[in-house]
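Take the model from its interior outwards, then turn to the ligand site and the cysteines. Cut-offs are given where each term comes up.

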Amino acid sequence: MVKAESVSVNDSASAVSLDGVRDALIRLEDTIVFSLIERAQYPINSAMYDESAGLVAGQRGSLIKFFMKRTEALQAEAGRYESEEENAFFPDCLPCSLVPSRRSTSVLHPVAKMVNINKDIWDVYINRLLPLFAAQGDDGNYALAAASDLTCLQAISRRIHYGKFVAEAKFLDDSQEYTRLIRARDRNGLMKLLTVEAVEKMVKLRVEKKAETFGQEVTLDPINNGSGNYKIDPLVVARLYEEWLIPLTKEVEVEYLLRRLD
Ligand SMILES: C=C(O[C@@H]1C=C(C(=O)O)C=C[C@H]1O)C(=O)O
C-alpha cells in the first residue's frame, strides 16, 4: 500500500496539476484523521506546553518545543526539508541535510520558500484545536502525547502548505486573470477566484465520514457492535477543517500568489 507521505505531487510531472494536488490532499486526510485519533487517547496534558514548567532538565521553554526542535533537527539531517513540500516549525535552527538530494525538478516559483505560516498553525493547534478533541486532564504521558502532537502538526502543516501547489496549478490554468489580480494586489479578488465551494463541501463531508469510519469502536459482539462510539467526534473533525484547515490553506494560496510574479 502507498502511504500518503510517500506520494509526492511532483513525483511524475514537472508541471503541477490541480487533480494531482487534490488527490494528494485527499490522501493526507487519512493521515490527519488517524493522527487526531491517536492524540485523542491522551488528555490535554497542558504542562507540556507551559514555557515555565521546567519539565526538561537544563533546558528553557516548553517540553513540546524541545521535542519538536530536536526532531526537526534530526529530520533535517535526513533530508526532510530539502523537499519543497515540507516547511519546518523552527527553520532558524536547522542543520544541513547529510543525505544527498535526489530531487531535481521544482514546480513552484522560488518565492514559495518565503511562505511559511507554521507560527499560526502552531498557535491554532495548541490553543484552539487541541482543546476541542483532547479531554481535560493530565496523565503524565508526555513523551507519547508529544510524539502524537508532532505527527498532527506535521500532517496539518503539510496539508495547509500544499496550498502553494494548488495556487500554482490554478495560476497556470488562468494566468491572465490571476496576473491582473496579483498586479492590483487584490487579496479579496484572489480569495474569491481561488475558492471552490463545492470542493470545500465535499472535503468536509468526506473527513466527517473518515472520522466515523476510522474512529469506530470495533467489537466482535454481534449485539453490541459498538456503532455510535467514536474515538474522536466526527463533527469536530469536520469543524477543524471548516474553521481552520481550509481557511489556512487558502491563506497560503493567496500569500503564494501575491509573490508569484516577483
Ligand atoms: C484546495 C483548493 O482550494 C480551495 C481550498 C480548499 C481546501 O482547502 O480544501 C478547497 C477548495 C478551494 O476553495 C482546491 O480548489 O482544491
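The largest nonpolar core of this predicted model has 48 residues, and Tyr-125, Leu-129 and Phe-133 have the most contacts inside it. A nonpolar core here is a set of buried Ala, Val, Leu, Ile, Met, Phe, Trp, Tyr and Cys residues joined through side-chain atoms within 4.5 Å. Buried means under 20% relative accessible area, exposed over 50%, and partly exposed in between, with a 1.4 Å probe and protein chains only. At least two residues of this core come from each of α1, α2 (63–77), α3 (118–133), α4, α8 and α9. A second, separate core has 24 residues, including Val-21, Val-107, Phe-171 and Leu-181. In soluble globular proteins, nonpolar side chains tend to be buried together.

The helix labels are DSSP runs numbered from the N terminus (helices are H or I with at least four residues, strands E with at least two). Numbering of residues starts from 1 along each chain as its sequence is written. Because the model is predicted, local features need pLDDT of at least 70 and side-chain atom pairs count only at pLDDT 80 or more, while totals for chains, interfaces and linings use all residues; side-chain values use heavy atoms, with hydrogens and water left out.

Within the first core, Tyr-125 touches Arg-39, Leu-130, Phe-133, Asp-149, Cys-152, Leu-153 and Ile-156, not counting residues up to four places away in sequence. Contact means heavy atoms within 4.5 Å.

Phe-171, a member of the second core, is also one of the buried residues of helix α5. This helix spans residues 163–173, and nine of its 11 residues are buried. Among the elements that cover those buried residues are α1 (18–39), α4 (142–161), α6 (175–183), α7 (187–194) and α9 (234–259).

Lys-170, another buried residue of α5, is also one of the closest residues to the ligand. Which other residues are the closest to the ligand? They are Arg-22, Arg-159, Val-196 and Glu-200, from a surrounding set of 15 residues, where near means that a heavy atom of the residue lies within 4 Å. A polar side-chain atom of Arg-22 is 2.6 Å from an oxygen atom of the ligand. For Arg-159, the distance from a side-chain N or O atom to a ligand oxygen is 2.9 Å. A polar side-chain atom of Glu-200 lies 2.5 Å from an oxygen atom of the ligand.

Glu-200 belongs to helix α8 (residues 197–214). Glu-200 counts as buried because its relative accessibility is 16%. Beyond its neighbours within four places in sequence, Glu-200 is in contact with Thr-195, Ile-246 and Lys-250.

Another acidic residue, Glu-85, sits in the loop between α2 and α3. Glu-85 has a relative accessible area of 3% and is therefore buried. Its side chain makes a polar contact with the side chain of Tyr-162 at 3.2 Å. A polar contact is a pair of N or O atoms within 3.5 Å; within protein, one must be able to donate a hydrogen and the other to accept it, and residues adjacent in sequence count only if both atoms are side-chain atoms.

The disulfide count is zero, with a disulfide taken as a pair of cysteine sulfur atoms within 2.5 Å. Why is Cys-93 not bonded to Cys-96? The sulfur of Cys-93 has its closest cysteine sulfur in Cys-96, 13 Å away, which is too far for a bond. Cys-93 is partly exposed, at 47% relative accessibility, and Cys-96 is exposed, at 64%.
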